Structures are given as C-alpha cells and as structure tokens.
Amino acid sequence: MSNISLLLIIKNESENLKRWSKWLKKLTRVDEIVAIDDNSIDDTKEILKSLETKKIKVNIFSRGLEGNFSTQRNFAVSKAKNDWILFIDADEEPSDKLIRFLNTEKLNPRICYAFKRNLIYIDQVIAHGQAQNDYPVRLFTKNSGKFTNLIHEIWNTENCVVKIRHPLLHYSAPNLKVFISKLNIYSTLRARELYEKHTPVNLFQIIFYPLTKFLQTYLFQLGFLDAIPGIIICTGLSFYSFLVRSKLWRLYHA
C-alpha cells in the first residue's frame, strides 16, 4: 500500500485544527503533513506541530497567498515526498466511511479521486443545493495534473476522475457571521479574477444572476430539503453572486 502525503494550506486555522487530533491518527497510510502557511498570527503552526508523531512528520512552509489559491496548492504538491497526494483543508474532516476508503482502497495511478463534500452549518449537514454536486478532486498522484483558477481552484487533469460518495465534512460556515465574512472575501477575489479576464458585466447580470443562482440551488438542486439552514445557505450564495457582479462593475468604473 502506497504512503500518502496529506497537504493543506493554512491561515489562522487554530480553531479548525483542534478537531484534527480526533481523526488524523485513524489515517494509517498518511506518513507526512505538508502545510503552506499564509502568515498566520494565531497558534496555527503550534497546533499543527503538536499533531506530529513517530509515524507522521509535519512540515510547515511559509508562503504568502497573494490572492492565488492554485499557486499555493501547487507549491504544496511540489514539497510532498510521496507520489500520492491527499488534500484536506483545515476546516474539513473525513467521515468514518471515507477514512476506511483511504486506508484500504487499492489506488490506481490513472485515476484521480473526488469526494462528496457536505457543508456543515451550525452543526447541521447541508447535503443539497450547491453541495449536492460538490465533488472536489482531493486524492491523486502528484504528476497527474495541476491546480488552476485563482479561487475555487480545481485539479486540472487528463486522468479519469472517479467520484466517491463517502462524505468529506466541510465546517466552512460554523455561524452566520463567518459565512457572510467569507462571502465578502471570496467575492472580492472572484470579481478581480473576472476583471483580469475582461469579463463584461451589465445591469441585467447584477439583477438576474443572483435570482438564477437562488432558483438553481434552492429548487433545482433541492436546497429546500435542508430546511431553514438550506434557505440561509442558498440565499447567501445568491448574495455572493450579487456581490461578485457588483464588485466587478465597480472595478470597471473605479
């Protein structure tokens, strides 16, 4: 069985990393952690170092993000010693079923593995809406592709991508304040990305993109099945679409 390098990019993730000690020791094939730190000012690095064991070596590299998540992830890949790469973000946690898969699956180097990611909002699983088809590629060999896009980065590969339904739990929105803050941060980065691509924007898009986003996630992707948290998340993602187009318009008229 091949050893696996677990990679993550971090910035002030001390609260999220406190959960890692509960499940990290269950990953029997992981023998190193490679973390790329974007100038954390809390005790992120100390908590991460405390996870080191005789079996798992923790290596932390300092590197500014500079608004480009793909280059940060690609840099992490370049620092891994093993051929097999597993990316788990600081605010994510593999389910028990996914841990069993990672420990026992005979991995095929011609395949990249994508995991079903469920959003956790105030301790409730959000499995529908945008999360319904959220399958980020997280397990692959290091030379099988590269990450692309400034944000919402994806593993660009010519290998076959296989979707694994065992969930990856995403604690990205522990409360409404954090959720809205992230919408504001990521919408700024996304607007800048679209501006650099010379993507046009008009009044019609500012009005109807958010409406279309809400209908897509809440109705067509069954976000209503997640009850009140579902409508909060779907409305937030609609607002994100509004922010992106509004900020893009502002960049053109600065």
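Here is a short walk through this predicted model, from its interior out to its surface and backbone.

Let's start inside. The largest nonpolar core has 34 residues, and the ones with the most contacts within it are Leu-7, Val-77, Phe-87, Phe-140, Trp-155 and Ile-233. Both strands and helices feed into this core: β1 (4-10), β2 (30-37), β4 (84-87), β6 (111-121) and β8 (137-141) each give at least two residues, and so do α4 (69-79), α6 and α8. The largest share is that of α8, with five residues. Take Ile-233 as a way in: setting aside neighbours within four places in sequence, Ile-233 is in contact with Leu-119, Tyr-121, Ile-126 and Phe-179. Another core, of 32 residues, lies apart from the largest one, and Ile-4, Leu-17, Leu-51 and Phe-101 are among its members.

Now for the outside. A nonpolar surface patch of about 1100 Å² is built from Leu-203, Phe-204, Ile-207, Phe-208, Leu-211, Leu-215, Leu-219, Phe-220, Leu-222, Phe-224 and Leu-225. One of these, Leu-219, sits in helix α7 and is partly exposed, at 42% relative accessible area.

Finally, the backbone has a couple of spots to look at. Most residues other than glycine have a negative phi. His-198 goes the other way, with a positive phi of about 60 degrees. You'll find His-198 in the loop between α6 (176-196) and α7 (203-220), where this residue is exposed at 65% relative accessible area. Ala-227 also has a positive phi, near 55 degrees. This alanine belongs to helix α8 (residues 227-252), and with 43% relative accessibility Ala-227 counts as partly exposed.

Notes: Residues are numbered from 1 along each chain as its sequence is written. This is a predicted model: local features need pLDDT of at least 70, side-chain atom pairs count only at pLDDT 80 or more; totals for chains, interfaces and linings use all residues. Side-chain values use heavy atoms; hydrogens and water are left out. Helices (H or I, at least four residues) and strands (E, at least two) are DSSP runs, numbered from the N terminus. Buried means under 20% relative accessible area, exposed over 50%, partly exposed in between (1.4 Å probe, protein chains only). Patches are made of residues with over 30% relative accessible area and no salt bridge: like charges are joined within 9 Å, nonpolar side chains (Val, Leu, Ile, Met, Phe, Trp, Tyr) within 5 Å. Accessible areas come from the Shrake-Rupley method with a 1.4 Å probe; for residues, only the protein chains shown count as cover. A salt bridge is a side-chain nitrogen of Lys or Arg within 4 Å of a carboxyl oxygen of Asp or Glu. A nonpolar core is a set of buried Ala, Val, Leu, Ile, Met, Phe, Trp, Tyr and Cys residues joined through side-chain atoms within 4.5 Å. Contact means heavy atoms within 4.5 Å.
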